Protein chains: 2
Amino acid sequence: MTELKNDRFLRALMRQPVDQTPVWMMRQAGRYLPEYRATRAQAGDFMSLCKNAELACEVTIQPLERYPLDAAILFSDILTIPDAMGCGLYFEAGEGPRFSHPVRTAADIDRLPVPPMADALDYVMNAVKTIRRELNGRVPLIGFSGSPWTLATYMIEGAGSKEYRYAKGLMYSDPGALHALLEKLAAAVTDYLNAQIAAGAQAVQIFDTWGGVLTEPAYREFSLKYMESIVQGLVREADGRPVPVILFTKGGGQWLEAMADTGCDALGLDWTVDLGQCRERVGNRVALQGNLDPSVLFGNDEQVRREVERVLTSFGSHPGHVFNLGHGINQHVDPSRPATMIKAVQEISRALHAGTN
Amino acid sequence: MTELKNDRFLRALMRQPVDQTPVWMMRQAGRYLPEYRATRAQAGDFMSLCKNAELACEVTIQPLERYPLDAAILFSDILTIPDAMGCGLYFEAGEGPRFSHPVRTAADIDRLPVPPMADALDYVMNAVKTIRRELNGRVPLIGFSGSPWTLATYMIEGAGSKEYRYAKGLMYSDPGALHALLEKLAAAVTDYLNAQIAAGAQAVQIFDTWGGVLTEPAYREFSLKYMESIVQGLVREADGRPVPVILFTKGGGQWLEAMADTGCDALGLDWTVDLGQCRERVGNRVALQGNLDPSVLFGNDEQVRREVERVLTSFGSHPGHVFNLGHGINQHVDPSRPATMIKAVQEISRALHAGTN
């Protein structure tokens, strides 16, 4: 067991004091980095990159070589589980992900297998082990999965969607069938995240990218309930340390209290909410992660610094904040911008925390 | 001046008691109706339909022939103003709207003319007059415009967008230039809506479709501030009746108090918020319009009725509710579904209001 040299991220998630606010970026291993584009070209297509443990490790660590980030996140796709369940994930050039076998009916759902994820997605576990070895305790490694509802939308639509014609159609015409699908997915996600933790993930995040398109009762019934069952089913300790669980529902700012009730350790927030107000609502029950508008990284130095300061001071000097973007970093961002952002986070947060440690 | 035979909609917007909750649907004249598709085919392209007062009138009235709706809404495009300012609106088959001359720099913005809208968009005013004549007092006619921020996003991006790379890029790199554009647009929208009111619009709605992609401070500074200046600049009376103003920011559920402070009469709400909670927040200061998830119309009779009941009972028997979808009706909805929805609104709301009139 290698000693963890930088545990700011894990400490902040457990609401413990830190010297400076830890920072990472959703999609930090991505197309905005020329070195990522080079490795991806070498791998061929996107899934080949995900399935090659050495190359997945390489792109996971690339942003850490450029920036003083406080966490690494496993490089993988959000749709590995439906692929392992036989939906046939593929990518069209210039398009988002697609499934060759969408799931539309109760019979389709009934037929779906739920294979043990440590075997079915052994390439993910290999990547986790390889990354942990290469990180060598430099920073913690985050594992992740899509939420059951988010995975279900892709499986039912067969692709990304704006209106969720089929997924919401099923919800409002045959809710029982949708629940059967979500139950299978909740079991699969629990198994998948536990396998990642066993392989070496030191924190996990559940990405509920499309929970925010639901009404409040539908969010509770079709998304949150299944995330709660996952949180309850996770093995939340490894190497003698807690393995914190982060829930991120994009557009879920209205439902934070209910999200905190799941028993998770932290909530990820998009940029449309005010961090200070969110903290007032959930108090010290969970840590908060976020929430700079990713588009701020199209701005100049002065604006980047000003917006970072706004986010940090809104949360204040309490323990329990992980700085992040409110959504993934945009592919068109100049790689000099995250450097400006991270420097501002470090300088401003050190001053904030100086009086409190 | 023709007597208005059904004033439920206007009464509800002014928080006066009604016998049943008035109902209309955003995008009620649209592709889900076969008769709309026939008229559109006759007109040729979309803008030709908007520019032909007789045909625009025909499609405006089509949904009223099918359903007992309590309001008509002018059939037009949201992007008429940028087109009148010389941006060159066009539509690619199967794509959204595009501009041949996007606005990207302070110099582009400086050059933009703001012509008097009654002349530059006389085809809209002709459509309003024609529709009023044909409605003959059956129900009130709603005029509308996009919000300055929403219009600006299309003008700057040159098309629809998911990430607002250029619009938010301008916001975070040259906010002064963006303010100059928004000032021109606020003047143009005020003029445009006043011209619609002079031509016969009996209520107006401002569609802030993309306000919800902003941070709270950015929403206040770049969207809400300009909507407030429009609300303050409108002539809010015609034919001896108030002309109510409705603000609709999709994804703006977190900012209702600030929206109500603009002095508008009503707020449109998307389906992600609970109407009863919203009413508690804004009290009787404004009416509320909404907020059935448009995807409910993919459901069966029982689910449609159940969701309608949930929306109506959440608001309760207070005056000041206009029933609507939380966003435009989807083109794939079966035309029998709105009939089920409207019947449920009428029956359930009559019972709700029975004790209070």
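**A strand pair, its sheet, and the two-fold axis**

In strand β4(B), Ile142(B) is the bridge partner of Ile73(B). This pair belongs to a predicted model, and it offers a starting point from which the sheet of chain B can be followed. Strands β1(B) and β4(B), the latter spanning residues 141–146, run parallel and are joined by 2 bridges. In general, the strands of a sheet pair through backbone hydrogen bonds, in either a parallel or an antiparallel manner.

The sheet in chain B is open and consists of 7 strands with parallel pairing, in the order β1-β4-β5-β8-β9-β10-β11. Its edge strands are β1 (72–73) and β11 (321–325) of chain B, each of which pairs on one side only.

Attention may now pass to a helix of chain B. Helix α10(B), residues 165–173, is mostly covered, with 7 of its 9 residues buried. The buried residues are Tyr166(B), Ala167(B), Lys168(B), Gly169(B), Leu170(B), Met171(B) and Tyr172(B). Their cover includes elements of chain B, namely α9 (148–157), α11 (175–199) and α12 (216–233), together with α15 (301–315) of chain A.

The contribution of chain A to this cover leads to the relation between the two copies. A turn of 180° with a shift of 0.0 Å along the axis lays chain A on chain B with an RMSD of 0.0 Å. This is the relation of a two-fold axis. Among the residues of chain A, Gln254(A) comes closest to the rotation axis, its C-alpha lying at 3.7 Å. The copies meet through the same surface, because 100% of the interface residues of chain A are also interface residues in chain B.

Terms used: Residues are numbered from 1 along each chain as its sequence is written. Chains are lettered from A and ligands numbered from 1 in the order in which they are written. This is a predicted model: local features need pLDDT of at least 70, side-chain atom pairs count only at pLDDT 80 or more; totals for chains, interfaces and linings use all residues. Copies are superposed by least squares on the C-alpha atoms of residues with pLDDT of at least 70 in both. Two residues are in contact if their C-beta atoms, placed from the backbone, lie within 7 Å. A residue is buried if 20 or more other C-beta atoms lie within 10 Å of its own, exposed if 12 or fewer, and partly exposed in between; C-beta atoms are placed from the backbone. Helices (H or I, at least four residues) and strands (E, at least two) are DSSP runs, numbered from the N terminus. Two strands pair if DSSP finds at least two bridges between them.
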